[in-house]
Amino acid sequence: MTWPEDEYLRNLREARGDYAWLMRRYGGRTWQEADAEAREAYPYESSDRPFRGIEFHDDAWHWAMLAIHGAMYWREHPELLEPSVEYLRSRGE
């Protein structure tokens, strides 16, 4: 998929915000730590990069839970398979 720059930047901003929120709430990170981890998890990719934005195919919930609890987190924490109501509300859903 080719992302128009404004759409890509909007997705990037939203994903970073969601990821940082999750890292603070579920990962116990400080604001600074969470923001730094969000930028690392969702770096800016130039428009000529193949598969630019592919990390958007899964919600930030999934990527944050992987970072916090490790691979296959849903086996030991089946309650984390789906995003929490609190997280969905934080996103306005």
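# Rings, charges and a surface patch

A good place to start is a cluster of aromatic residues: ring pairs join Trp 3, Tyr 8, Tyr 19, Tyr 42, Tyr 44 and Phe 56. Keep in mind, as you look around, that this is a predicted model. The predictor's confidence in the protein chain averages a pLDDT of 94, and 99% of the residues score at least 70. Confidence is highest in helix α2 (residues 31-41), with a mean of 98, and lowest in helix α5 (residues 85-90), where the mean is 94.

Back to the rings. How many aromatic pairs does the structure hold? There are ten. One of them brings together Tyr 73 and Trp 74 in an edge-to-face arrangement, with 4.9 Å from centre to centre and 80° between the planes. That angle counts as edge-to-face because it is over 60 degrees. Tyr 73 is buried, at 3% relative accessibility, while Trp 74 is partly exposed, at 31%.

Trp 74 also takes part in something on the outside of the protein. Together with Met 72 and Leu 81, Trp 74 makes up a nonpolar patch on the surface, and the three residues have about 260 Å² of accessible area together. To find Leu 81, look in the loop between α4 (73-76) and α5. Leu 81 has a relative accessible area of 48%, so this residue counts as partly exposed.

Some rings have a charged neighbour. Tyr 8, which you met in the aromatic cluster, has Arg 52 lying over its face, 3.7 Å from the ring centre. A similar theme appears at Tyr 26: the charged end of Arg 25 sits over this ring, at 5.0 Å from its centre.

Now turn to the pairs of charges. Side chains of opposite charge can pair when their charged atoms come close. In the whole structure, a search finds eight salt bridges. One of them connects Arg 91 with Asp 18, whose closest N and O atoms are 3.0 Å apart. Which parts of the chain does this pair tie together? Arg 91 lies in the segment after α5 and Asp 18 in helix α1 (residues 5-25), so the bridge joins parts that are 73 residues apart in sequence. Asp 18 is buried, at 15% relative accessibility, whereas Arg 91 is partly exposed, with a relative accessible area of 33%.

Arg 91 has another partner as well. Its salt bridge with Glu 93 has closest N and O atoms 3.0 Å apart. Is Glu 93 buried or exposed? At 57% relative accessibility, Glu 93 counts as exposed. Through shared partners, salt bridges join Asp 18, Asp 59, Arg 91 and Glu 93 into one network.

A further salt bridge can be found between the side chains of Arg 24 and Asp 35, at 3.7 Å from N to O. This pair links distant parts of the chain, with Arg 24 in helix α1 and Asp 35 in helix α2, eleven residues apart. Asp 35 is partly exposed, at 36% relative accessibility.

Methods. Residues are numbered from 1 along each chain as its sequence is written. Side-chain values use heavy atoms; hydrogens and water are left out. Rings of Phe, Tyr and Trp (its six-membered ring) pair if their centres lie within 6.5 Å; planes under 30 degrees apart count as stacked, over 60 as edge-to-face and the rest as tilted. Buried means under 20% relative accessible area, exposed over 50%, partly exposed in between (1.4 Å probe, protein chains only). A charge sits over a ring if NZ of Lys or CZ of Arg is within 6 Å of the ring centre and within 35 degrees of the ring normal. pLDDT is the predictor's confidence in each residue, from 0 to 100. Helices (H or I, at least four residues) and strands (E, at least two) are DSSP runs, numbered from the N terminus. Patches are made of residues with over 30% relative accessible area and no salt bridge: like charges are joined within 9 Å, nonpolar side chains (Val, Leu, Ile, Met, Phe, Trp, Tyr) within 5 Å. Accessible areas come from the Shrake-Rupley method with a 1.4 Å probe; for residues, only the protein chains shown count as cover. A salt bridge is a side-chain nitrogen of Lys or Arg within 4 Å of a carboxyl oxygen of Asp or Glu.
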